[in-house]
Amino acid sequence: MSDDAKQPPETTAQLSPEACRQAVKKVLEVPLHRFVGLELIEQTPGEAHARVVAGPNTLNNVGVVHGGIYYALLDAAAYLAVIPLLRSGENAVTHDIHVSVMRPVAEGETIELF
């Protein structure tokens, strides 16, 4: 075994608070997220609370929130929760997501994401 193989992997530092703020800002500035009105309410490492008020930019042709919006919002909320856990140089991607819609959300109602 080489000496390199015996060494533990190099550990990079956690993202600084400023780097976390910048990462959150980038997520909230994604055009789709701005278009639907995504806002971050609270964030701790591994958790995020975000919300969107169902408005014209989220509705389908029958006047309720389009199913694809749920996927996009949950994906964004999950990434917001992961940001404080990332180390410098790391990123995260969604490789699988499942959403069950229990009832329609009408215009003016608030979608809470945890």
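Which helix is His 33 found in? His 33 sits in helix α3, which covers residues 31-36. The model you have in front of you is a predicted one, and this residue is a handy place to start walking through it.

With a relative accessibility of 11%, His 33 falls under the 20% limit and therefore counts as buried. Looking beyond residues up to four places away in sequence, His 33 touches Val 27, Leu 28, Leu 38, Ala 72 and Ala 76. Two of these partners can be placed right away: Val 27 and Leu 28 lie within the residue range of helix α2, residues 17-28. Ala 72 and Ala 76 fall within the range of helix α4, residues 67-82.

Let us step back to the whole chain. The protein has 4 helices and 3 strands. Read from the N terminus on, these elements follow the order α-α-α-β-β-α-β. As for overall form, a compact globule of 114 residues would have a radius of gyration near 13 Å, whereas this protein has 18 Å. The C-alpha trace spans about 65 × 30 × 20 Å along its principal axes. Of the 114 residues, 25% are buried. Even so, contacts across the sequence are easy to find: among contacts with a separation of 6 or more, 66% join residues 24 or more positions apart.

What about the surface and its charges? The protein exposes about 7700 Å², and carbon and sulfur atoms supply 55% of that area. There are 8 positive and 14 negative charges, and the mean positions of the two sets are 4 Å apart.

Now back inside, to helix α4. Leu 73 belongs to this helix, which runs over residues 67-82. Is Leu 73 buried or exposed? Its relative accessible area is 2%, so Leu 73 is buried. Leaving out residues up to four places away, Leu 73 touches Val 36, Leu 38, Val 52, Ile 111 and Leu 113. Several elements come together in that list: Val 36 is within the range of helix α3, residues 31-36, while Val 52 is within the range of strand β2, residues 47-53, and Ile 111 and Leu 113 are within that of strand β3, residues 110-113. Leu 38 is a name you have met before, as it is touched by His 33 and also by Leu 73. For a sense of scale, Leu 73 and Ala 106 are 33 residues apart in sequence and 16 Å apart in space, C-alpha to C-alpha.

The next stop is the set of charged pairs. Side chains of opposite charge can pair when their charged atoms come close. The structure holds 5 salt bridges. One of them joins the side chains of Glu 112 and Arg 51, with an N to O distance of 3.5 Å. This pair links distant parts of the chain: Glu 112 is in strand β3 and Arg 51 in strand β2, 61 residues apart. Glu 112 has a relative accessibility of 35% and so counts as partly exposed; Arg 51, at 27%, is partly exposed as well. The two also take part in a network of salt bridges that links them with Glu 39.

Other bridges can be picked out too. Glu 29 and Lys 25 meet through their side chains at 3.9 Å, N to O. Glu 29 is partly exposed because its relative accessibility is 40%, and Lys 25 is partly exposed because its relative accessible area is 43%. Glu 109 and Arg 103 form a salt bridge at 3.6 Å, N to O, and Glu 109 is partly exposed, with a relative accessible area of 29%.

Two more residues round off the walk. Leu 86 is found in the loop between α4 and β3. Although it lies in a loop, Leu 86 counts as buried, with 7% relative accessibility. Setting aside its neighbours within four places in sequence, Leu 86 is in contact with Gln 14, Leu 15, Tyr 79, Asn 91 and Ala 92. The C-alpha atoms of Leu 86 and Cys 20 are separated by 8.8 Å, with their positions 66 residues apart along the chain.

Lys 26, in helix α2, offers a contrast: its relative accessible area is 62%, so Lys 26 is exposed. The C-alpha atoms of Lys 26 and Tyr 70 are separated by 20 Å, and the two residues are 44 residues apart along the chain.

Key: Residues are numbered from 1 along each chain as its sequence is written. This is a predicted model: local features need pLDDT of at least 70, side-chain atom pairs count only at pLDDT 80 or more; totals for chains, interfaces and linings use all residues. Side-chain values use heavy atoms; hydrogens and water are left out. Helices (H or I, at least four residues) and strands (E, at least two) are DSSP runs, numbered from the N terminus. Buried means under 20% relative accessible area, exposed over 50%, partly exposed in between (1.4 Å probe, protein chains only). Contact means heavy atoms within 4.5 Å. The radius of gyration is taken over C-alpha atoms; the globule rule is 2.2 Å times the number of residues to the power 0.38. Accessible areas come from the Shrake-Rupley method with a 1.4 Å probe; for residues, only the protein chains shown count as cover. Lys and Arg count as positive and Asp and Glu as negative; His and the chain ends are not counted. The place of a charge is taken as NZ of Lys, CZ of Arg, CG of Asp or CD of Glu. A salt bridge is a side-chain nitrogen of Lys or Arg within 4 Å of a carboxyl oxygen of Asp or Glu.
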